[in-house]
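Q: I would like to learn how to read a protein model feature by feature. Please give the general idea each time, then the case at hand.

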Amino acid sequence: LPQTLSMDHRMNAVKAMPLVSDDANDKKHLVLAGDSDGSLHLFIISEKLGQQRYTSSHMLSTSSRPILCIDLVRVSNSLLGIVGNSAGDIFIWKLPGTISSSDEDARAFCDHLPTAPISNYKAHQMGTNCISATAVTENKNSHEHDILICSGGDDQSIAICLVRMESNVSKEKSFFSLEGIQTTIIEGASSSALKGVKL
């Protein structure tokens with residue numbers, strides 16, 4: 001993290017998920033953290049026993065609005081980072097879900113991270129305080145994946161979003177394309193700002 005942070009700087013949201021590695025004894029986690037300056041930080045942490053823990057870090061983005069909540073969802077060999085901010089926006093990041101066992105490859109992992117989210121949408125009129133996401137369908141005979149995202153906001157509403165993605169796999173490359181977003185808003189779901197949701 002930068003060394004010149006203000007006294008008011010804080011991490012508002014942190015989420016971790018295991019990465020699939022080629023070495024069963026070398027467990028690594030991807031940790032995604034959002035701060036009050038609007039920066040999204042990614043850390044790769046090794047849990048290998050008997051050795052010094054290796055940590056690699058990377059800043060994915062900087063925006064003008066504080067990040068309030070994060071969730072991670074595994075889809076095939078990728079992770080989706082679902083990020084909500086104080087403006088009521090939700091951003092979807094596609095991140096690698098696999099990593100090699102060597103520290104050098106962990107550094108290379110961070111060198112090839114995305115520079116922008118694959119999509120975003122307006123979920124709330126005010127801050128997106130909480131988020132929960134899950135993969136609801138993954139037909140092994142199809143390349144389509146449905147992701148359900150539920151969020152709660154300062155506007156006392158719940159936003160339920162269904163994101164459909166299609167994975168394209170070939171010998172040369174593997175990638176996801178966003179097929180569509182459908183959002184339903186439940187207004188007045190609470191008499192005050194929502195602080196927690198869970199799917």
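The turns below go through confidence, elements, pairing, cores and one buried residue.

Q: What kind of model is this, and how are residues numbered?
A: It is a predicted model, in which local features need pLDDT of at least 70 and side-chain atom pairs count only at pLDDT 80 or more, while totals for chains, interfaces and linings use all residues. Residues are numbered from 1 along each chain as its sequence is written, and side-chain values use heavy atoms, with hydrogens and water left out.

Q: Where is confidence lowest and where is it highest among the elements?
A: pLDDT is the predictor's confidence in each residue, from 0 to 100. The chain averages 81, and 78% of the residues score at least 70. Helix 1 (residues 103–111) has the lowest confidence, a mean of 64, and strand 5 the highest, at 94. Over residues 170–174 pLDDT stays under 50, and the model has three contacts (heavy atoms within 4.5 Å) beyond four places in sequence for them.

Q: How many helices and strands does the chain have?
A: Helices (H or I, at least four residues) and strands (E, at least two) are DSSP runs, numbered from the N terminus. Here there are one helix and 13 strands. In order from the N terminus, the elements read β-β-β-β-β-β-β-β-α-β-β-β-β-β.

Q: Which strands pair with strand 1, and in which sense?
A: Two strands pair if DSSP finds at least two bridges between them. Strand 1 (residues 11–21) is antiparallel to strand 2 (residues 28–35), with eight bridges; six residues lie between the two in a hairpin. L19 is opposite K28 of strand 2. Strand 1 also pairs with strand 8 (residues 98–99), in the parallel sense and over two bridges, where S21 has I99 as its bridge partner.

Q: Why do strand 5 and strand 9 have one side without a neighbour in the sheet?
A: Their open sheet has four strands in the order 5-6-7-9, with antiparallel pairing. Strand 5 (67–75) and strand 9 (119–122) are at the edges with a single partner strand each, so one side of each has no neighbour in the sheet. On average, neighbouring strands of this sheet are turned by 20° against each other, direction ignored (axes are lines fitted to C-alpha atoms, for helices over the stretch in contact; angles run from 0 to 180 degrees between N-to-C directions). Within the sheet, strand 6 (residues 78–85) and strand 7 (residues 89–96) run antiparallel and are joined by seven bridges, with L79 opposite L95.

Q: Which residues have the most contacts inside the largest nonpolar core?
A: A nonpolar core is a set of buried Ala, Val, Leu, Ile, Met, Phe, Trp, Tyr and Cys residues joined through side-chain atoms within 4.5 Å. Buried means under 20% relative accessible area, exposed over 50%, partly exposed in between (1.4 Å probe, protein chains only). The largest core has 19 residues, and those with the most contacts inside it are L30, L32, L40, L42, L60, L95 and F109. Strands 1, 2, 3 (39–46), 5, 6 and 7 each give two or more residues to this core. A second, separate core has 17 residues, among them L80, I82, I92 and A159.

Q: Is I149 buried or exposed?
A: I149, in strand 11 (residues 144–153), is buried, with a relative accessible area of 1%. Beyond four places in sequence, the residues it touches include I82, I92, Y121 and A159. T134 is 15 residues from I149 along the chain, and their C-alpha atoms are 6.7 Å apart.
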